[in-house]
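I opened this entry to keep track of what I looked up, one item at a time. Cavities come before the rest.

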Amino acid sequence: MSTVQVPPVRVGKAAVAALGMLAAAAGALESAVSPTLPLLQRQLSLTPAQGALLSIAMLITGALLLPVAGNLGDRFGGKRVMIRLMTVVVTGGLVSSLAPNLPLLLLGQVLQGAMLGAMPLSFILVRKYLSEGQSSVAIGVVSGLFLAGGMLGTLISGPIAEGLSRHWMFAIPTIGIVVATLLVHRLMPDDPPGRPDSRIDWPGLLLMSGILLTLMLVLAIVPRAGSQPIAFGALVVLLGVLVTGWIVVERRSRAPMFDLRLLRQQAIWSSYGITFAVCLGTSLSMYLVPQLFAVTGDGYGFGASATDIGFYMLPGAVAAAVAGPVAGVTVRRFGSRAAVVAGVVCMMAALISMTFLHGEIWHLVAGKVLVALASGVCVTAVVVKTATAVDHSDTGTATSLVLVIRVVAFAAGQQIGSAFLTAGIPSGSNIPTESAFVTGFVIGGAIAALSLLAVRKLDKGVKE
């Protein structure tokens, strides 16, 4: 691995603010569909299956493009790739805002999925032009503003769609992305390419895309695995074949999409393991909270409406947005290991509390806030550690896989949570038992606690 000569130029707060503004606008556009899905289903006459496809189209594209964007940013420069990527995102936003039917709206969502690639590209830029301490805080701020933008989009997309039209709920965030991209282009210096003469690893790229797509299909079929064993088994076998092929190709490639030698660093593989355990445990347990708000069982549940649930979940969304900057400052002062340990301990305490205390709404609201804050601190601390444990020329590639693992773990956690509740429905009823929720909280906490086994390995890397 070659180290890029870092330019002596340092960027000001305005350049970092432009990256933050871009992250916030992207987050707002990313969250536009979820709260307005019922409205879109009515206006476009969508079936539930079509609505589900619309809700995950961007997620699938984002998972596929994250490692590609990070790798290309390392090779050809973060700013150069980001400007081109945002052109794709803006095109997707315009297509979505003008789409008269489902096929065009799906096309727009697929193009918009490229926005997730802005995260590793931002990490490339802040690491090149800021000191280690400043880049830790900047990574946290950018991550937090993406979540804050998502929270804002969740709150305003419904009123915009109902007060203006569904077209404007895509158009307004897209305008924000255009403005932020122009500011990044003007304020951020051109960063030098890391490996400009390297060829793109097309076989590795295609195999990685196949792995992620197959994995998403496996996760989607998990709740129905018992009734579709042949399909589930075939997908698992295919996934194994693709992973094996990808490893063989990357080992032989002169310019691999992901240099497997990075995994020899304990700080890298431990970061990936921690991310998966924390996000899987978080997703599993937090899937249960809105379900518990909604159900009305014998002595448990609250029968809350969708509007009420959104209101109850808002403090947790705020906590998730704040977690990024908090993690950046914590890592700068105490290190990634301390931040992760504190986050996991806080998460375990919150889940244990909800195991025994879930009879009042504020119990679940407070628990959701603590888990969201703790999870956000853990993931941001791991991203910072991953970025500082590799050469500058590998920043985008290494951090993009952290984000991919996060997406996969959250998707897996939701599917496992759904399976838990389904298994907990007694015969002749359609409501899960209280013990199903309690078991889910316990299992979620136990999975997150497993990350502590790898925490001590975080110090085995580049000093922060």
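**Second largest cavity.** I started with the second largest cavity, whose volume is about 40 Å³. The model is a predicted one. My search of the whole structure had turned up two cavities of 30 Å³ or more. Which residues line the second largest cavity? I listed A28, A32, G153, I156, S157, I160, M169 and P173. I then sorted this lining by class and got six nonpolar residues, two polar and no charged. Helix α7 (132–163) and helix α8 (166–187) each supply at least two residues of the lining. The largest share, four residues, comes from α7.

**Helix α1.** A28, one of the lining residues of that cavity, sent me to α1, where A28 is among the buried residues. I checked the length of this helix. Helix α1 covers residues 13–30, and its 18 residues should span 26 Å at 1.5 Å a residue. I got 25 Å between its end C-alpha atoms, which agrees. Then I noted which of its residues are buried: A15, V16, A18, L19, G20, L22, A23, A25, A26, G27, A28 and L29.

**I177.** Next I moved to α8, the helix that holds I177. Is I177 buried or exposed? Its relative accessibility is 0%, so I put I177 down as buried; the cut-off is under 20%. What does I177 touch, not counting residues up to four places away in sequence? I found L22, A25, A26, L29, M86, V89 and V90. L22, A25, A26 and L29 are also on my list of buried residues in α1. I looked at G93 as well. G93 and I177 are 84 residues apart along the chain, yet their C-alpha atoms are separated by 9.4 Å.

**T181.** T181 is in helix α8 too. I read a relative accessible area of 13% for T181, which means buried, as the cut-off is under 20%. Leaving aside neighbours within four places in sequence, I found T181 in contact with L22, I83 and M86. L22 and M86 also appear among the residues that I177 touches.

**G113.** I wanted a loop residue and took G113. Where is G113 found? I placed G113 in the loop between α5 (102–112) and α6 (118–129). G113 counts as buried, because its relative accessibility is 0%. Its contacts, apart from neighbours within four places in sequence, are M58, T61 and G62. I also checked V89, which had come up as a contact of I177. The C-alpha atoms of V89 and G113 are separated by 7.2 Å, with their positions 24 residues apart along the chain.

**Aromatic pairs.** How many aromatic pairs does a search of the whole structure find? I got three. I examined F293 and Y312: their ring centres are 5.0 Å apart and their planes stand at 40 degrees, so I classed the pair as tilted. This pair links distant parts of the chain, with F293 in helix α11 (residues 266–294) and Y312 in helix α12 (residues 306–334), 19 residues apart. Both F293 and Y312 are buried. I then followed the ring pairs further and found a cluster of F293, F302 and Y312.

**Second largest pocket.** For the second largest pocket I noted a volume of about 430 Å³. Its lining has 16 residues, and M208, W246, L401, V404 and I405 lie nearest its centre. Helices α9 (202–221), α10 (229–252), α11 and α15 (395–423) are the elements that give two or more residues to this lining. By class I counted 16 nonpolar, no polar and no charged residues.

**Helix α16.** I ran a length check on α16 (residues 434–449) as well. This helix has 16 residues and reaches 23 Å from its first C-alpha to its last, close to the expected 22 Å. Its buried residues are A436, F437, G440, F441, G444, G445, I447, A448 and A449. What covers them? I noted α11, α13 (336–356), α15 and α17 (452–455) among the covering elements.

**Whole protein.** I left the totals for last. I have 17 helices and zero strands. Of the 464 residues, 53% are buried. I also looked at contacts between residues at least 6 apart in sequence, and 82% of these join residues at least 24 apart.

Key: Residues numbered from 1 in each chain as written. Predicted model: local features only at pLDDT ≥ 70, side-chain atom pairs only at ≥ 80, totals over all residues. Heavy atoms only, no water. Expected span 1.5 Å × (residues − 1). Buried < 20%, exposed > 50% of the residue type's maximum accessible area, 1.4 Å probe, protein only. 1 Å grid on protein atoms, 1.4 Å probe; cavity = no way out; pocket = protein on both sides within 12 Å on 5 of 7 lines; lining within 4 Å. Points joined across faces, edges and corners; volume = space filled by probe spheres on them. Nonpolar A, V, L, I, M, F, W, Y, C, P; charged D, E, K, R; others polar. Contact = heavy atoms within 4.5 Å. Phe/Tyr/Trp six-rings, centres within 6.5 Å; stacked < 30°, edge-to-face > 60°.
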